[in-house]
Amino acid sequence: MGEDAFEIVVAAHHAEIHRYVLRVTARSSDADDLSQETFIRAFRAHRTLPPDANFRAWLFAIATNVCRNYFRGEKRRRLAYAAAGHDAPAADPASPDGRVLVSEASGRIDAIVARLPMKQRLAFTMRKMHDLDYEAIGKSLECSEDSARAHVFQALKKIRRGLDELASMDTEPVR
Amino acid sequence: MSPSHPSCRAIEPDLVALAGGEATPTAAQAVEEHTAHCPSCRDALRQYRAVEGLVADLRRVPLPEVDSTLARSSSHPAWPICAAA
C-alpha cells in the first residue's frame with residue numbers, strides 16, 4: 001500500500017479508532033495519545049500488509065495491543081503508588097471526559113464495563129460498540145474465535161448481573 | 001428451575017446470542033423450548049434484551065471529537081488528512 005492509499009484509509013478510520021480507544025480507557029487525554037500511537041505503528045507496518053487484508057480489523061488489532069500495553073502500564077503504576085502508600089489517580093469510569101450519558105442505566109453499564117477484566121472489556125467494546133466479528137476480535141486478542149465469543153458472553157453476563165444488583169439496591173427500603 | 005440448574009447454565013449462552021440477534025435457528029429453538037417452562041431463564045432473556053437496548057443507547061452517546069492536531073505528526077507531515085476523519 002502506498003502512502004497516498006494509507007492516508008485515505010487513515011482518514012476513513014481515525015475517528016472510529018479514537019472512539020474505540022476512548023471507550024476502553026475512558027480518558028480523552030490518554031485516548032488522544034493511544035490513537036496517535038496506533039496510527040504511528042500502522043504507518044510503520046502498513047507496507048507489509050497484504051493487499052486483500054482487512055485494514056479496519058488490522059487497525060483494531062494494533063489499537064487493542066496499544067491499549068493492552070497501556071493497561072499493563074497503569075497496573076504497574078497503581079502497584080508503584082500502592083507500594084509508596086498512595087492511591088493512584090484513577091479515571092472516573094462512570095463519566096468519561098466530556099460525555100453526557102443518555103440514561104442513568106447506560107451510565108451504569110459504562111461503569112460495569114470499566115471494571116471488567118481487560119480482555120472482556122476489549123472484546124465487549126469491539127463486538128457491541130464497533131460490530132467487529134469474532135474472528136477479528138480473536139485476532140486482536142490473540143485468541144480463538146470461540147474464546148473471543150466467550151469473553152463477550154462473560155462481559156454481558158456480568159453486565160446483566162451488575163444491573164440486576166443495582167436495581168435490587170435501588171428498590172431496598174431506606175432505613 | 002433455578003439459574004444454577006445445569007440446563008439453565010447450558011442455555012445461557014444461547015439466551016445471550018438470541019438477545020443480541022446472533023442465535024442460530026437451532027439455538028433460538030432451544031431457547032424457545034426452555035423458556036416455555038423456565039420462568040427464571042425467561043426473566044434472564046428479558047434482562048439480556050434490556051442490556052442490548054441499553055448498549056444500543058450507549059453507542060449513541062456522543063464522544064468528544066478527536067483533536068485534529070493530534071492526527072498530525074512531525075515525522076509524517078502529510079497526516080493532516082486524518083483531521084477530516
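# Exercises on helix packing and a pocket

In this predicted model, B:S7, B:C8, B:I11, B:D14, B:L15 and B:L18 of α1(B) are in contact with B:A27, B:A28, B:A30, B:V31, B:H34 and B:T35 of α2(B). The exercises below begin with this contact.

**Exercise 1.** Determine how the residues of the contact of α1(B) with α2(B) divide by type, and how the two helices are oriented.

*Solution.*
1. The residues of this contact divide into eight nonpolar, three polar and one charged.
2. The axes of α1(B) and α2(B) come within 9 Å and cross at roughly 125 degrees.
3. Angles of 65 to 115 degrees count as roughly perpendicular and those over 145 as roughly antiparallel; α1(B) and α2(B) are therefore oblique to each other.
4. The crossing of α1(B) and α2(B) is left-handed.

**Exercise 2.** Describe the packing of α2(B) with α3(B).

*Solution.*
1. Helix α2 of chain B spans residues 25-36, and helix α3 of chain B spans residues 39-59.
2. Their axes come within 7 Å and cross at roughly 130 degrees.
3. That angle makes α2(B) oblique to α3(B).
4. On the α2(B) side, B:V31, B:H34, B:T35 and B:A36 take part, and they meet B:C41, B:R42 and B:L45 in α3(B).
5. By type, the residues of this contact are four nonpolar, two polar and one charged.

**Exercise 3.** State the angle, axis distance and handedness for α1(A) and α2(A), and identify residues that form their contact.

*Solution.*
1. Helix α1 (residues 3-25) and helix α2 (residues 28-45) of chain A pack at an angle of about 145 degrees, with their axes 9 Å apart.
2. The crossing of α1(A) and α2(A) is right-handed.
3. Residues of α1(A) in the contact include A:F6, A:V10, A:I17 and A:L22; among those of α2(A) are A:A31, A:L34, A:F39 and A:F43.
4. The residues of this contact divide into 10 nonpolar, seven polar and two charged.

**Exercise 4.** Which residues line the second largest pocket, and which helices each supply at least two of them?

*Solution.*
1. The second largest pocket holds about 180 Å³ of space.
2. From chain A, the lining contains A:K128, A:Y134, A:R149, A:V152, A:F153 and A:L156.
3. From chain B, the lining contains B:P13, B:D14, B:V16, B:A17 and B:E22.
4. α7 (145-171) of chain A and α1 (6-19) of chain B each supply at least two lining residues.
5. The lining of this pocket divides into seven nonpolar, no polar and four charged residues.

Key: Residues numbered from 1 in each chain as written. Chains lettered and ligands numbered in written order. Predicted model: local features only at pLDDT ≥ 70, side-chain atom pairs only at ≥ 80, totals over all residues. Heavy atoms only, no water. 1 Å grid on protein atoms, 1.4 Å probe; cavity = no way out; pocket = protein on both sides within 12 Å on 5 of 7 lines; lining within 4 Å. Points joined across faces, edges and corners; volume = space filled by probe spheres on them. Helix = DSSP H or I, 4+ residues; strand = E, 2+ residues; numbered from the N terminus. Nonpolar A, V, L, I, M, F, W, Y, C, P; charged D, E, K, R; others polar. Axes fitted to C-alpha atoms, helices over the stretch in contact; angles between N-to-C directions. Parallel < 35°, antiparallel > 145°, perpendicular 65-115°, else oblique. Contact = heavy atoms within 4.5 Å. Left-handed = near helix turned anticlockwise from the far one by under 90°.
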